[in-house]
Amino acid sequence: MELTRQWVSYRGQTLSRTVRGMMYYRQALELQSFLDMAGDHDIFGGFRGLDLNYRDQTALAFNSQAVADMKFTYVVSCQIYGQQKKSSDPRDRSCYRNILNLMLQYPSLRVAYIDEREETVHGKPEKVYYSVLLKGGKKLDEEIYRIKLPGLPIVIGEGKPENQNHAIIFTRGEALQTIHMNQEFLKDRHGQQKPTILGLREHIFTGSVSSLACFMSNQETSFVTIGQRTLANPLRVRFHYGHPDIFDRIFHLTRGGISKASKTINLSGDIFSGFNSTLRGGSVTHHEYIQVGKGYDVGMNQIVLFEAKVANGNGEQTLSRDVYRLGHHFDFYRMLSFYFTTVGFYFSSMVTVITVYVFLYGQLYMVLSGLERSILLDPSVQQSKSFEMALATQSVYQLGLLMVLPMVMEIGLEKGFLTALGDFVVMQLQLASVFFTFQLGTKAHYYGRTILHGGAKYRATGRGFVLFHVKFAANYRLYSRSHFVKGLELLMLLIVYEVYGKSYRSSSIYRFITASMWFLVASWLFAPFVFNPSGFEWQKTVDDWTDWKRWMGNRGGIGIPQDRSWESWWESELEHLKHTDIRGQVLEIILACRFFIYQYGIVYHLNIAHHKQSLRVYGLSWLVMVTVLFFLKMISMRRRKFDTNFQLWFRILKLHLFLGFLSVVAVLFVVRGLTTGDLFAGALGFMPTGWALLLIGQACGSIMKGIGFWDTIKKLARGYEYVMGMIIFMPIVILSYFPFVSEFQTQMLFNQAFSRGLQISRILEGRRDGP
């Protein structure tokens, strides 16, 4: 069992693999010391061939080890080691035993952790925290140092930076290298220099697991190699990105530490250490004379959470003093390089998405106002297709093809350009464009929300091979606001643009103009399910629907987690509005008003309006909207006030309301010329209006609660969630009905070993569990 655990650990992004890789440093120092002290006879005999029974060679081995101990110390910062040691949970005990075994296996390894104790202070029990350093003893760990802390570090700052800062006091020497748990040491070679931060090359070793892992591996490889080279020279704007950089320890200890741990604002604490080093006169460079292996996230949700965290961090960087000071510190060209390689990249992503919105809303205005019709039917402009051709050409580049050029260049430099071309074709067949288009939405959403409201937070992605099926409800919770809502909005814009402009268009070039936008909509709505293992398997689809209905129907409350109730999740999604300032609330309301354009334009195109352009038509549409909301509010109030004895009367009342609605619609069909097309057009116009009112109500949450409308807002929100969920779920149901779709998806997403493992797991699952 122990050998099996080691075999698995050495192939994943685990602590065991990292420790083994870092201990190569110590072996290298021992070998160097041996070569410095050994004679010719000993050197020819080899370092591994030392006879420890021979006194002189024993002294030589011990001296080599002693020199290595003076030159090298490896401290693993594990905050929860003490909790795992005291815990009765088998998994925590297993983690504790594994870390202890590493200390026993490597005597020079040290582990630093946060120890929490109950002590009596001034006659009162009080929690006291210590930073403790351990080493391996004969069979157990032994305490070396214990330093009292003023409080729990992760309350003061973010987890990862504080995890580094509480352990730095146990290090010695002038150089300090920081390395993640998912990294290891590999040999490479390159130049020499003594900067304050020395960047090293990384190798992503998890790229063969699945198509997603391949995409992220190639993307990350291009960033940590050709990207880092360019940032360091000639741009001179490389900082620190959580890579295995080597720090000038003395320089950073006297200038604020190696990581900024301030809560929220320094969410990307790594890059702030690079900011700090540059602002205080240090230099950061990148040399590839050694290489470090790194395991990357391989699941869709893991990757998105990581991208969300980084986008949040870039939003906070945009608002930080450090970026402001760097902008004043750099010369003009270095400042531009700094902008476009840090916050500017995420700002450009946000602007790209905003441009799509502006273009489609502009087209919506032109179609509904009749301006586009008058232009296209004008004989003087009918023969001019230059503008349409230009728009059609640029729409091809909106698919994100230019973004893959650095990736292709890096693969070409490493493996040859023919291999790079082949890898690019294979990635496109594996829907790489869908994935990267989806990631564009992730970056734009989380960066924009942080800029608008602040409140970035750390998002744990987890480690390991997360290749299990994710339920529909879990995907909906994660992607609803960032992708699904936006995708459905763009879908409605494209539908309205198609329906109301179709009658007078003679050219098909406009289809190429909107092709990239249709592709973006499809990617935002369905990428999480395309890249979800067994995402189109019929039985899992049925189970997902049952789980979704249960989640939507459960009531929330104190202590109810988000994955158990829609109400708890909905309340958590509004947290940013509770803590934003008046500027953020006003901007939310202004942005929500864009949905009124649908109603304003569509009502004048209804057959029942008889082409009238007066404001009375628009006023009557609002009367219909207010009447519907009023009856919904009355039904909601009656439902709460009637007890069980009056439920029959309440149902009779609803029946009469329904019959009254049908009667009014019938009269409008006969008297006013209402058509079936008007009903569908009314849905296109009034659904966005209701969503706008919902957004405004959420932004004014305190006012809505004060006047008693908050429950109505919640019920309206639940209704919209049901509709959006069903719209997204229906294509999944249709595709799940055909077994070959699931088989094709599995073969496309995963390598042969994992595909076979998924098929075996289906057999082992057996019959379906009872409800």
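**Salt bridges, a cavity and backbone details**

Lysine 294 and glutamate 202 pair through their side chains in a salt bridge, at 4.0 Å from N to O; a salt bridge here is a side-chain nitrogen of Lys or Arg within 4 Å of a carboxyl oxygen of Asp or Glu. The two residues are 92 apart and link distant parts of the chain, with lysine 294 in strand S9 and glutamate 202 in strand S7. Helices (H or I, at least four residues) and strands (E, at least two) are DSSP runs numbered from the N terminus. Both lysine 294 and glutamate 202 are buried, where buried means under 20% relative accessible area, exposed over 50% and partly exposed in between (1.4 Å probe, protein chains only). The model is a predicted one, in which local features need pLDDT of at least 70 and side-chain atom pairs count only at pLDDT 80 or more, while totals for chains, interfaces and linings use all residues. Residues are numbered from 1 along each chain as its sequence is written, and side-chain values use heavy atoms, with hydrogens and water left out.

Strands S7 and S9 hold another such pair. Arginine 201 forms a salt bridge with glutamate 288, with 3.2 Å between the closest N and O atoms. Since arginine 201 lies in strand S7 (residues 197-204) and glutamate 288 in strand S9 (residues 284-294), the pair ties together parts that are 87 residues apart in sequence. Arginine 201 and glutamate 288 are both buried. In total, the structure holds 28 salt bridges.

A salt bridge within one helix joins glutamate 575 and lysine 578, at 3.5 Å from N to O. Both residues lie in helix H25 (residues 575-579), 3 residues apart, or about one turn of the helix. Glutamate 575 is partly exposed at 35% relative accessibility, and lysine 578 is partly exposed at 46%. Shared partners extend this into one network of salt bridges made up of Glu567, Glu571, Glu575, Lys578, Lys714 and Arg718.

Turning to the interior, the count comes to 1 cavity of 30 Å³ or more. A cavity is a set of points, on a 1 Å grid over the protein atoms alone, where a 1.4 Å probe fits but cannot get out, and lining residues have an atom within 4 Å of a point. Grid points are joined across faces, edges and corners, and a volume is the space filled by probe spheres set on the points. The largest cavity holds about 50 Å³ of space. Its lining includes His469, Phe472, Asn532, Asp544 and Phe729. Helix H21 (472-501), helix H23 (538-553) and helix H32 (710-736) each give two or more residues to this lining.

On the surface, Trp538, Ile734, Tyr737, Phe738 and Phe740 make a nonpolar patch of about 600 Å². Patches are made of residues with over 30% relative accessible area and no salt bridge, with like charges joined within 9 Å and nonpolar side chains (Val, Leu, Ile, Met, Phe, Trp, Tyr) within 5 Å; accessible areas come from the Shrake-Rupley method with a 1.4 Å probe, and for residues only the protein chains shown count as cover. Phenylalanine 740 lies in helix H33 (residues 739-749) and is exposed, with a relative accessible area of 57%.

Some backbone details complete the picture. The peptide bond from asparagine 233 to proline 234 is cis, with omega near 20°, and proline 234 sits in the loop between helix H9 (211-232) and strand S8 (246-248). Serine 534, although not a glycine, has a positive phi of about 55°; this serine 534 is buried, with a relative accessible area of 5%.

Terms used
On a 1 Å grid over the protein atoms alone, a cavity is a set of points where a 1.4 Å probe fits but cannot get out, and a pocket is an open set with protein on both sides within 12 Å along at least five of seven lines; lining residues have an atom within 4 Å of a point.
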